[in-house]
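Student: I am new to this structure and would like a close look at one part of it. Could you take me through the packed helices and the links around them, step by step?

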Amino acid sequence: MKPRIIAIANQKGGVGKTTTAINLSSALVAHHKKVLLVDFDPQGNAGRGLGIDVNSLMASSLDALFVPDPLSLALPTSVDGLMVLPSNLRLASLDSKVSEQRIADPFFLLQKALAKVSAGFDYIVIDCPPSLGLLNINALVASDSVLIPVQCEYFAMEAVAAILSSISKIQKDYNPRLKIEGFLLTMYDPRTSLGTEVARQVRGLFKENTFSTSIPRNASIPEASARGLPVTSYRPSAQGALAYFSLAREVIDHEQER
C-alpha cells in the first residue's frame with residue numbers, strides 16, 4: 001500500500017515546522033505506523049533534532065534525488081519505526097546542480113525519488129524550508145497533502161495567505177491531487193489575548209481545515225530538541241508530547257475518513 005506523503009510547510013520561519021515534522025513523525029510511530037522523515041531544509045534541523053551530526057554526513061537528501069536506491073541513504077533513529085533522510089547545507093546547491101546538469105523536470109526530482117522508497121512505510125513526512133523555491137516546490141509536488149503550522153503571533157495571517165497562494169499555484173501547474181491536511185496552531189498560549197485572537201481567526205476562516213489539536217508553548221519541546229530527541233520520547237507525559245500524540249490521531253483519522 002502506498003504511504004501518505006505529508007509536507008510540513010509555511011513560508012514564514014520560526015512557526016514550528018521542524019518541531020512538528022519530528023514530533024508528528026514520532027507520534028505516528030507511537031500509533032503503530034512506520035514513518036520516513038525527509039529533511040528537505042538545508043539547515044538540517046530535522047536530523048539534528050533526532051540526534052544526527054548532519055555536518056559529518058557522507059550523503060544526504062540531496063544525494064537521494066540522484067541515486068537508484070534513495071532509502072539506502074536513510075538512517076535509523078532512536079525511535080523504532082522512524083527513519084530519517086537527513087539534510088545539510090549541501091542541499092542548498094540543488095539549484096546550481098539542476099542548472100549545470102540541465103535537468104529536465106526539476107520540480108519532480110523528489111517525487112521520483114520517493115516513488116522508489118514508498119514500500120514499507122505508512123507515512124512519509126517532509127520538512128520543508130521556509131521559502132518558496134525549488135526545494136519547496138519539489139516537496140509540494142511530491143506530496144499528497146500539506147500540513148500548515150500557524151504560529152499564534154503577529155503576522156500569522158499574512159504567512160497563511162502566502163502559503164495558500166503557493167499551494168494554489170502548485171495545484172494548478174504541477175500537482176492537482178495536493179490537499180490541505182490542516183492548519184495547526186503552534187506555540188499557543190490561551191492566557192494571551194494575541195494567541196486567542198489568532199486562534200479565533202484561523203478557526204473562523206478555516207473551520208473545516210483546522211486541527212482540533214493545538215500545540216502549546218511547553219518547555220519540554222525545546223529541551224527535547226536540545227537532547228536530539230522527540231518530546232514524545234523525552235517526556236511522553238508532557239503537555240507538548242500529549243498534543244503531538246493527539247495530532248497524530250487526527251492525521252490517522254483523516255486518512256481513515258478518506
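Tutor: Here is a walk through two helices, the salt bridges around them, a loop residue and a pocket.

Please keep in mind that the model is predicted. Let's begin with helix α6, which covers residues 134-142. Nine of the nine residues of α6 are buried, so this helix is largely enclosed by the rest of the structure. You can follow them along the chain: Leu-134, Leu-135, Asn-136, Ile-137, Asn-138, Ala-139, Leu-140, Val-141 and Ala-142. What do these buried residues pack against? Their partners are β1 (4-8), α4, α5 (109-115), β5 (123-127), β6 and α7.

That list leads us to α7, residues 156-173. Helix α7 has 18 residues and reaches 26 Å from its first C-alpha to its last, close to the 26 Å expected at 1.5 Å a residue. Its buried residues are Ala-156, Met-157, Ala-159, Val-160, Ile-163, Ser-166, Ile-167 and Ile-170. As you look at the numbering, a general point may help: an α-helix has 3.6 residues a turn, so residues three or four places apart point the same way. The buried residues of α7 pack against α6, β6 (145-151), β7 (179-188) and α8.

Now turn to the loops beside these helices. Asp-144 forms a salt bridge with Arg-177, and their closest N and O atoms are 3.2 Å apart. This pair links distant parts of the chain, with Asp-144 in the loop between α6 and β6, Arg-177 in the loop between α7 and β7, and their positions 33 residues apart. Are the two partners buried or exposed? Asp-144 counts as buried because its relative accessibility is 10%, under the 20% cut-off. Arg-177, at 34%, counts as partly exposed. Lys-2 joins in as well: Lys-2, Asp-144 and Arg-177 are linked in a network of salt bridges.

In total, the count comes to 10 salt bridges. One of them joins the side chains of Asp-63 and Arg-90, at 2.8 Å from N to O. Asp-63 lies in helix α3 (residues 61-64) and Arg-90 in the loop between β4 (82-85) and α4 (94-101), so the pair ties together parts that are 27 residues apart in sequence. Arg-90 itself is partly exposed, with 37% relative accessibility. Another salt bridge is formed by Arg-191 and Asp-189, whose closest N and O atoms are 3.0 Å apart. Arg-191 is exposed, with a relative accessible area of 74%, whereas Asp-189 counts as buried at 14%.

Further along the chain, Asn-209 sits in the loop between α8 (193-205) and β8 (210-216). This residue is partly exposed, with a relative accessible area of 33%. Leaving aside neighbours within four places in sequence, Asn-209 is in contact with Ile-180, Gly-182 and Phe-183. The C-alpha atoms of Asn-209 and Leu-184 are separated by 9.1 Å, and these two residues are 25 places apart along the chain.

Finally, here is the pocket. The largest pocket has a volume of about 280 Å³. Its lining holds 16 residues, and Gly-14, Lys-17, Thr-18, Thr-19 and Asn-45 lie nearest its centre. Helix α1 (residues 17-30) gives the largest share of that lining, four residues. By type, the lining residues divide into five nonpolar, nine polar and two charged.

Definitions and conventions. Residues are numbered from 1 along each chain as its sequence is written. This is a predicted model: local features need pLDDT of at least 70, side-chain atom pairs count only at pLDDT 80 or more; totals for chains, interfaces and linings use all residues. Side-chain values use heavy atoms; hydrogens and water are left out. On a 1 Å grid over the protein atoms alone, a cavity is a set of points where a 1.4 Å probe fits but cannot get out, and a pocket is an open set with protein on both sides within 12 Å along at least five of seven lines; lining residues have an atom within 4 Å of a point. Grid points are joined across faces, edges and corners, and a volume is the space filled by probe spheres set on the points. Helices (H or I, at least four residues) and strands (E, at least two) are DSSP runs, numbered from the N terminus. Ala, Val, Leu, Ile, Met, Phe, Trp, Tyr, Cys and Pro count as nonpolar, Asp, Glu, Lys and Arg as charged, and the others, Gly among them, as polar. Buried means under 20% relative accessible area, exposed over 50%, partly exposed in between (1.4 Å probe, protein chains only). Contact means heavy atoms within 4.5 Å. The expected span of a helix is 1.5 Å times one less than its number of residues. A salt bridge is a side-chain nitrogen of Lys or Arg within 4 Å of a carboxyl oxygen of Asp or Glu.
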